[in-house]
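Reader: I would like a close look at a single part of this model, with its surroundings described as far as they can be.

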Amino acid sequence: MGRVTERRRVVRIRGGVAGTRPDTLVAEEPLEIRLNGRPLAITMRTPGDDFALAVGFLVSEGVLASAAEVRAVTYCEGAAEDGSNTYNVVNVQLAPGVPVPDISLERNVYTTSSCGLCGKASLDAVRTATRFAGIAADPVRVSAALLGQLPDRLRAAQKVFDRTGGLHAAGLFTAEGELLDVREDVGRHNAVDKIVGRALQAGRLPLAGGVLLVSGRASFELAQKAVMAGIPVLAAVSAPSSLAVDLALETGLTLIGFLRGPDMNIYAGAERVTL
């Protein structure tokens, strides 16, 4: 298992004076996700919670909806040329009777730490139907005043960010502001997959009534992951994309952007936010 952080020597210039010192960097390593032994996806991630990341990714792909559908999750031995275990290849073995999706060139996905589902052949290919009942009927309500407090609560829970300054975070909250889980990763989509995967492992899907907060922008893929996990509210401290807004409007997801203190923009599902 790789480390979450690594140390490197840097030249630091302060006030026109240069000096060398060690610096702490966030680790970034590839993770290959296999399904029943067949390669499905490669993502660049921060090591840690790899099993949760793998099954969370499969939730967003519409493959999994409960822990009972997973027979085993293991690291693959012999991944390196010398036969050693790199801890960078994870295999998810489905339980007997669980349908295996067609793993074709169109479905095979290469993801990066910044863009997520970059390899999808078309927009239609990522409009995966959720396995749970539609989130549009979720009656959750959350106050604008509470939403304004969540970014500070998420930031306070980011342990590795304090040491590196280079990690995204995703936090899962209740409508009352209780922090249920927080994950950090070099990729914002990985942080969300880790939260969703941990919820699946704990038997807590769908995440009805939940509020998902991400530390960056709200892309289409993050909106998709929220919908697939049954999360009714997605908030971001930065901007959403146009496709994220379109998906939110289609599915009944409440989508909030530019959440900074008491200020925010509500792009969809404003009826869930109370003043």
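In which strand is Asp185 found? Please start there and work outward to the salt bridges and the neighbouring elements.

Author: The model is a predicted one. Asp185 is found in strand E11, which covers residues 179–185. Asp185 has 0% relative accessibility, and since buried means under 20%, this residue counts as buried.

Two polar partners can be given for the side chain of Asp185. One is a backbone atom: the nitrogen of Thr46 lies 3.1 Å from a polar atom of the Asp185 side chain. The other is a side chain, that of Lys194, which Asp185 meets in a polar contact of 2.7 Å.

Strand E11 spans residues 179–185, and the next pair to consider is Asp181 and Arg183. Their side chains meet in a salt bridge, with 3.4 Å from N to O. Asp181 has a relative accessible area of 6%, so it is buried. Both residues belong to a wider arrangement, a network of salt bridges that links Asp49, Asp181, Arg183 and Arg198.

Within that network, Asp49 forms a salt bridge with Arg198, and the closest N and O atoms are 3.7 Å apart. This pair links distant parts of the chain, as the two residues are 149 residues apart. Asp49 sits in the loop between strand E4 (38–45) and H1, while Arg198 is in helix H5, residues 188–201. Asp49 counts as partly exposed because its relative accessibility is 30%. Arg198 is also partly exposed, at 28% relative accessibility.

The loop that holds Asp49 leads to H1, and helix H1 itself covers residues 50–60. This helix is mostly covered, with ten of its eleven residues buried. The buried residues include the charged Asp50, and also Leu53, Val55, Phe57 and Leu58. Just after H1, Gly62 adopts a positive phi of about 80 degrees.

On the other side of the network, helix H5 is followed by a loop that runs to strand E12 (211–214), and Leu205 lies in this loop. With 15% relative accessibility, Leu205 counts as buried. Leu205 comes within 6.9 Å of Ser66, C-alpha to C-alpha, although the two are 139 residues apart in sequence.

The salt bridges described so far are part of a larger set, for a search of the whole structure finds ten. Another of them joins Glu32 and Arg34, whose closest N and O atoms are 2.6 Å apart. The two partners fall in separate accessibility classes: Glu32 is buried, with a relative accessible area of 18%, whereas Arg34 is partly exposed, with 23%. The cut-off between these classes is 20%.

Charge at the surface can be described as well. Arg7, Arg12, Arg14 and Arg21 form a positive surface patch. Strand E1 (residues 5–14) gives the most to this patch, namely three residues. Arg12 has its place in strand E1, and at 35% relative accessibility it counts as partly exposed.

To return to the starting point, Asp185 is buried at 0% relative accessibility, and its side chain is joined to that of Lys194 by a polar contact. Asp181 and Arg183, for their part, are linked with Asp49 and Arg198 in a network of salt bridges.

Technical notes. Residues numbered from 1 in each chain as written. Predicted model: local features only at pLDDT ≥ 70, side-chain atom pairs only at ≥ 80, totals over all residues. Heavy atoms only, no water. Patch = residues over 30% accessible without salt bridge, like charges linked within 9 Å, V, L, I, M, F, W, Y side chains within 5 Å. Areas by Shrake-Rupley, 256 points an atom, 1.4 Å probe, with all protein chains shown as cover. Salt bridge = Lys/Arg side-chain N within 4 Å of Asp/Glu carboxyl O. Charge placed at Lys NZ, Arg CZ, Asp CG, Glu CD. Helix = DSSP H or I, 4+ residues; strand = E, 2+ residues; numbered from the N terminus. Buried < 20%, exposed > 50% of the residue type's maximum accessible area, 1.4 Å probe, protein only. Polar contact = N/O pair within 3.5 Å; in protein donor to acceptor, adjacent residues only side chain to side chain.
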